[in-house]
Amino acid sequence: MKLNSISVLIGGEAGAGISRSGYLFGKACLRGGFHVFGANDYGSLIRGGHNFFVVRVEADEAYSQGDTVDLVVALNKDTILRHRTELVPGGGIVYDGEQVRLEEGELGGSDLKLFSVPFRSIVKSMGAQEIVENTVALGAALALLGCDLEILNVVLRDTFSEKVAETNIRAAKAGYDHAKANYEGQFQYALGKLPSPGNGRIFVSGNEAVGMGALKAGCRFYAAYPMTPVTGLLHFMASNERDYKMIVLQAENEIACINMVTGAAFAGARAMTATSGGGFCLMVECLGMAGMTESPIVVVLGQRSGPSTGLPTYTAQGDLRFAMHASQGEFPRMVVAPGDAEECFYETIRAFNFAEKYQMPVMILTDKYLAESQYTVEPFDVDLVKIERGDLFQGREYQGSEYKRHLLTESGISPRVLPGTGNAVVRTNADEHDERGLTAEDPQMTTSMMDKRLRKLKALKEELQTFETVKVYGPKRADLTIVSWGSTKGPIREAMRILEKEGLKANLIQVLYLCPFPAEQITQYLKSAKKTVVVENNATSQLAGLIRQHTLMDVDAKVLKYDGRPFDPGFLAGRLREVA
Amino acid sequence: MVTMEELKTPAEITWCPGCGNFGMLTAFKKALVELGIPRENVVMVSGIGCHGKMVNHVNINGFHGLHGRVIPLASGIKLANPELTVVGFSGDGDCYEEGWEHLSHGLRRNLDITVIVHDNMVFGLTTGQTTATSQKGFKSKSTPFGAIPLQLNPLAVALTSHATFVARGFAGDMAHLQRIMVEAIRHRGFSLVDVFQPCVTFNYLNTWDFYRKRVYKLEEAGHDPTDWAKALEKAMEWGDRIPIGILYKEERPTYQDELVHLGGPVAGREIGEVDIGPLMKAMT
């Protein structure tokens, strides 16, 4: 009997409610006190095709999905055929044997356990809609795992309206009863009761964590155009628009979004937009304008496979250099790349602070894997990051002589006054300008203004000395030092566990702030490392290039993956072992 | 209250002598004086082109933005702080070429902003190329053999995009233009004002004389600006007689009127105490 550690894959056609089922199952397990990691996989279509959601449930922290699956919940035959090879020996398949005929040999030679539950007949006899077949399947899965059905019922009640919840509860019970009556004790996996149920831990996606960070930061203006993988963020913000007394607007395109956001920021609202690579291409000109006009905007770039439209619903880390260099000319900006949902929350709040304090665009770099995966995290500490708006005058009447929006100062930071303030003319300009924001083309002013804007980086870099721009996980002294950024953090930490069991000591240097690049910190870590390897979800190892550029140091090896899928920990551990 | 003197800036004017922009600049300043809105509560936004320099020459809050993006930029400012009067200046290249996609959406959104288009039917700042409002056959450096497509009709498009205020002015009649600007800014909703503004350097066709011979005032011709079908008819009029004045005007709730939950401008609001507790609870 394998207790309290399982990976469940729920699969079926698009439109069958796969993601929702996975989420519900994960949340039920979370309520039971487990650590849950959920990741979805779907193509760029709405009906048909194949979707699946993997839920990994552990008594201890689960940083990512695993390599294998213990139980497949198959809503169609395709799911079984596609995922049978991922099942461990002794793994189970819950399916509707009345609808799916498995020919001899189709499963291969492994000792898989088949649990047929007549989803469709059950739903028909209930007089319910086909869509609740997935809930019948969930109920059956919970019975196989020896769980109390009530944990799912509570989640169903919390998620759906009363009527829909009741239908789903009945469906779950029917599936549960069928599996219990026919298969009790036949599956070697079980989820038991844990001593500490939950502790208020939350089940949150990267997108939602960014959204909550934005709300907490006081973001009052959000404009976006739908685009995977950050469409979920638009939905999240829109659903909270009224409760948080903010403006959420879906504009005609990404150019409109970022220009609106810049206008709102100029007027004094904390403002954000989010997009993916293609949409960010359209935003690039305005990103430069935000730099030039010293407008504090926050841009979320959720990466997906490129180039061009690439794999629209799959993950990648191919836009790091793009984010750092996007737009013509030279201007200061920040790029931060959270590695999990917790960092998504805190770094988003900080992004707004940095944007206003240094009056520059700040980019939050996520990706499909981070944005849409579900993480189990401790409740966010809402007091951890204080709101800091920098040198911002918020009175009604400006005191003093003529206000100059782009005053040349030693720090490079010009005091900010908002339009609508008495005795102040607040003028800015996408063209090079003088202190008053009037167009200026003479060489002295051009040089002074460029120097002024770039001086802000000095102050920013000084402040960043007090931040964890680079995070380290694992032992101080290690045989192998992994360097990475963003969402690869989860699979890397899982891989480190595997390697540790095998006696290979590895640690991780996670570069959280990529621009300005924390060259000194990285140099220190690399100097004391025995052997270094960069892990990235891209083909050209952009981080290794940055390290070389900023530290004149080469890493010893690179492990790269660019097939649209995140690293699985076992696979990654294998690759790391090869280079160690 | 603001005076003409207070609206002056030290910036040197770099438009060609005889440019239609001079009349537009004066008409706008006079409109501001006439409106009497406290100076700090007005923001002007401009795009790129000869018109874009307007921001340098009026001493009020201003944002000289990118080419073609006047409407979204002005919209963001207005959305964040509806207490500001926001006036956008754009050109035919800026608004009807580079930023064309924003016009219909801006109109149907109906924010309470004004967009004044310096329509000289030619690219001026890039030294003379054909634009979307250049007439078919117009010869320029980019179309030496004559422009092939037909010209766009922005006013007709505005009317079919649910515009609530559509007008056309002529830089050669400053007093009339001033009156249109005042009406446009006073109008609650998106106001589009297309202004014939002859480019004396690059447009040999649509000259001061061209317009003086043709324009007539709608209000003198008994036009009823509440009649949408008639307005569309007038928008289609082009030839020996070309109408100027207010084509159409309609009262409709603005975008912001429907954002009833906001309870005041989001800009400048206290943001220190946001409770995300309920959201976290829903995720447990």
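Pro307(A) is found in the loop that runs between strand S13 (297-303) and helix H11 (320-325) of chain A, and in this predicted model the peptide bond leading into it, from Gly306(A) to Pro307(A), is cis, with omega near -5°. A second cis bond of chain A joins Cys515(A) to Pro516(A), where omega is near 0°; Pro516(A) belongs to the loop between strand S23 (513-515) and helix H16 (519-527) of chain A.

Most peptide bonds are trans, and most residues other than glycine have a negative phi. Against that background, two further residues deserve a look for their backbone angles. Ser541(A) is not a glycine, yet it has a positive phi of about 55°, and its place is in the loop between strand S24 (532-536) and helix H17 (542-551) of chain A. In chain B, Thr127(B) likewise is not a glycine and has a positive phi of about 65°, its place being in the loop between strand S4 (113-119) and helix H5 (154-160) of chain B. As for their surroundings, Ser541(A) has 18 other C-beta atoms within 10 Å and is therefore partly exposed, whereas Thr127(B) has 11 C-beta neighbours inside 10 Å and so counts as exposed, the limit for that class being 12 or fewer.

The backbone features described above are collected here.

| Site | Feature | Value |
|---|---|---|
| Gly306(A) to Pro307(A) | cis peptide bond, omega | near -5° |
| Cys515(A) to Pro516(A) | cis peptide bond, omega | near 0° |
| Ser541(A) | positive phi | about 55° |
| Thr127(B) | positive phi | about 65° |

**Chain A as a whole**

The secondary structure of chain A comes to 18 helices and 25 strands. With a radius of gyration of 26 Å, close to the 25 Å that the globule rule gives for 580 residues, chain A is as compact as a globular protein of that length. Its C-alpha trace spans about 85 × 55 × 45 Å along the principal axes, and 56% of the 580 residues count as buried. Among the contacts in chain A between residues at least 6 apart in sequence, 75% join residues at least 24 apart.

**Helices H9 and H10**

Two packed helices are described by the angle between their axes and the distance between the axes. For helix H9 (residues 254-267) and helix H10 (residues 277-293) of chain A, the axes come within 8 Å and cross at roughly 25°. Because this angle is under 35 degrees, H9(A) is roughly parallel to H10(A), and the crossing in which H9(A) passes H10(A) is right-handed. On the H9(A) side the residues that meet the partner helix are Glu254(A), Ile255(A), Ile258(A), Asn259(A) and Thr262(A), and on the H10(A) side they are Gly279(A), Leu282(A), Met283(A), Cys286(A), Leu287(A), Met289(A) and Ala290(A). By class, this contact has eight nonpolar, three polar and one charged residues.

**The contact between chains A and B**

The contact between the chains takes 56 residues from chain A and 47 residues from chain B. On the side of chain A that touches chain B, at least two residues each come from strand S9 (202-205), helix H7 (206-217), strand S10 (219-224), H9, H10 and strand S19 (427-429). H9(A) gives the most to this side, with ten residues. The residues that chain A brings to the contact divide into 30 nonpolar, 16 polar and ten charged.

Definitions and conventions: Residues are numbered from 1 along each chain as its sequence is written. Chains are lettered from A and ligands numbered from 1 in the order in which they are written. This is a predicted model: local features need pLDDT of at least 70, side-chain atom pairs count only at pLDDT 80 or more; totals for chains, interfaces and linings use all residues. Axes are lines fitted to C-alpha atoms, for helices over the stretch in contact, and angles run from 0 to 180 degrees between N-to-C directions. Helices (H or I, at least four residues) and strands (E, at least two) are DSSP runs, numbered from the N terminus. Angles under 35 degrees count as roughly parallel, over 145 as roughly antiparallel, 65 to 115 as roughly perpendicular and the rest as oblique. A crossing is left-handed if the near helix is turned anticlockwise from the far one by less than a right angle, and right-handed if clockwise. Two residues are in contact if their C-beta atoms, placed from the backbone, lie within 7 Å. Ala, Val, Leu, Ile, Met, Phe, Trp, Tyr, Cys and Pro count as nonpolar, Asp, Glu, Lys and Arg as charged, and the others, Gly among them, as polar. The radius of gyration is taken over C-alpha atoms; the globule rule is 2.2 Å times the number of residues to the power 0.38. A residue is buried if 20 or more other C-beta atoms lie within 10 Å of its own, exposed if 12 or fewer, and partly exposed in between; C-beta atoms are placed from the backbone.
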